[in-house]
Amino acid sequence: MHPAFALTRTRLGETRREFDTFLQASAKTLALLEKDRDSSAEWVRVVARASGIEGVYTGIENVLKTILGVTDGGVIADAESYHAQLLAQSAEATAKRSEIIGGELYGKLDRLRAFRHRERVNYRHVLSEGAVNENLALLKETYPKFEAEITAFIETWEQKPKDDDEPTSSHKI
C-alpha cells in the first residue's frame with residue numbers, strides 16, 4: 001500500500017459510512033414520513049435528503065482533493081470555480097497519471113455538484129421534493145461507481161515505480 005494514499009483510503013471509508021448511514025436513514029426513518037403529506041413532513045424529508053446528498057458529495061470531493069494532493073501537488077483552481085475545476089482536473093489525464101474519474105462519472109458528479117451548490121446557497125424551502133429525490137437516485141447510482149474507479153486508480157498508482165510518485169505541480173489553492 002502506498003503510504004501517500006492512507007488518508008485517501010480513510011476518507012473513502014468515511015464517505016462510504018456516510019453514504020450507508022444516509023441510505024439507511026432515508027429508507028427507515030424518512031420513509032415513515034412518506035405517508036404524511038403535510039408541509040412539515042415534506043420539509044423534513046426534503047431537508048434531510050438534500051443534506052445527506054450534500055454530505056456524501058462533500059466526502060467525494062475530499063477524496064478527490066486528497067488524491068490530487070498526492071498526484072498533482074493539489075487542486076489547481078480559481079476560488080470562484082474551485083469545485084467545478086476539482087472535478088475537471090480529476091477527469092483529465094496528465095503526463096504523470098491517467099484520469100482519476102472517467103468521463104461518464106464526471107458528468108454525473110458534476111450534476112451532483114450543481115445540486116450541492118443549490119442546496120447550500122438557497123433556502124431549503126425552495127428545493128422541490130422531486131428534484132431532491134432525482135438527485136438521491138443519481139447518488140445511489142453514482143457512488144458505487146465512484147468508489148470502484150477510485151479504488152482502481154489507487155491500485156494502478158501503487159503499481160507504478162516509486163520515482164514516478166512526484167507530483168506534477170506545487171500550485172495549491
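This passage describes confidence, helix packing and aromatic pairing in a predicted model of a protein chain.

A good place to start is how far the prediction can be trusted. The protein chain has a mean pLDDT of 88, and 88% of its residues reach 70 or more. Among the elements of the chain, helix 3 has the highest mean pLDDT, at 97, whereas helix 4 (residues 103-121) has the lowest, at 88. One stretch calls for a lighter reading: over residues 168-173 the pLDDT stays under 50. For residues 168-173 the model has 18 contacts beyond four places in sequence. Where pLDDT is low, the predicted coordinates should not be read in detail.

Helix 1 (residues 6-28) is a convenient point of entry to the packing, with helix 2 as its partner. The axes of helix 1 and helix 2 come within 9 Å and cross at roughly 170°. Angles over 145 degrees count as roughly antiparallel, and helix 1 and helix 2 are therefore roughly antiparallel to each other. Helix 1 passes helix 2 in a left-handed crossing. On the helix 1 side, the residues in contact are L7, T8, R11, L12, T15, E18, F19, F22 and S26. Their counterparts in helix 2 include G52, G55 and G59, along with I53, V56, I60, V63 and I67. By class, the contact of helix 1 with helix 2 holds 10 nonpolar, eight polar and three charged residues.

Helix 1 also packs against helix 5, with axes that come within 12 Å and cross at roughly 160°. Helix 1 and helix 5 are therefore roughly antiparallel to each other as well, and their crossing is left-handed. Here helix 1 contributes T8, R9, L12, T15, R16, F19, F22, L23 and S26. The helix 5 residues that they meet include L136, L139, K140, Y143, F146, E147, I150 and I154. The contact of helix 1 with helix 5 divides into 11 nonpolar, four polar and five charged residues.

A further contact joins helix 2 (residues 39-71) to helix 3 (residues 82-91), whose axes lie 10 Å apart at an angle of about 55°. That angle makes helix 2 oblique to helix 3. The crossing of helix 2 past helix 3 is left-handed. In this contact, Y57, E61, L64, K65 and L68 of helix 2 meet Y82, H83, L86, L87, Q89 and S90 of helix 3. Sorted by class, these residues are six nonpolar, three polar and two charged.

Aromatic side chains complete the picture. Counting rings whose centres lie within 6.5 Å, the model has four aromatic pairs. One of them, formed by Y143 and F146, is tilted, with 5.9 Å from centre to centre and 40° between the planes. Both Y143 and F146 lie in helix 5 (residues 129-158), three residues apart, or about one turn of the helix. Y143 and F146 are also among the helix 5 residues that meet helix 1.

Conventions: Residues numbered from 1 in each chain as written. Predicted model: local features only at pLDDT ≥ 70, side-chain atom pairs only at ≥ 80, totals over all residues. Heavy atoms only, no water. Axes fitted to C-alpha atoms, helices over the stretch in contact; angles between N-to-C directions. Helix = DSSP H or I, 4+ residues; strand = E, 2+ residues; numbered from the N terminus. Parallel < 35°, antiparallel > 145°, perpendicular 65-115°, else oblique. Left-handed = near helix turned anticlockwise from the far one by under 90°. Contact = heavy atoms within 4.5 Å. Nonpolar A, V, L, I, M, F, W, Y, C, P; charged D, E, K, R; others polar. pLDDT = per-residue confidence, 0-100. Phe/Tyr/Trp six-rings, centres within 6.5 Å; stacked < 30°, edge-to-face > 60°.
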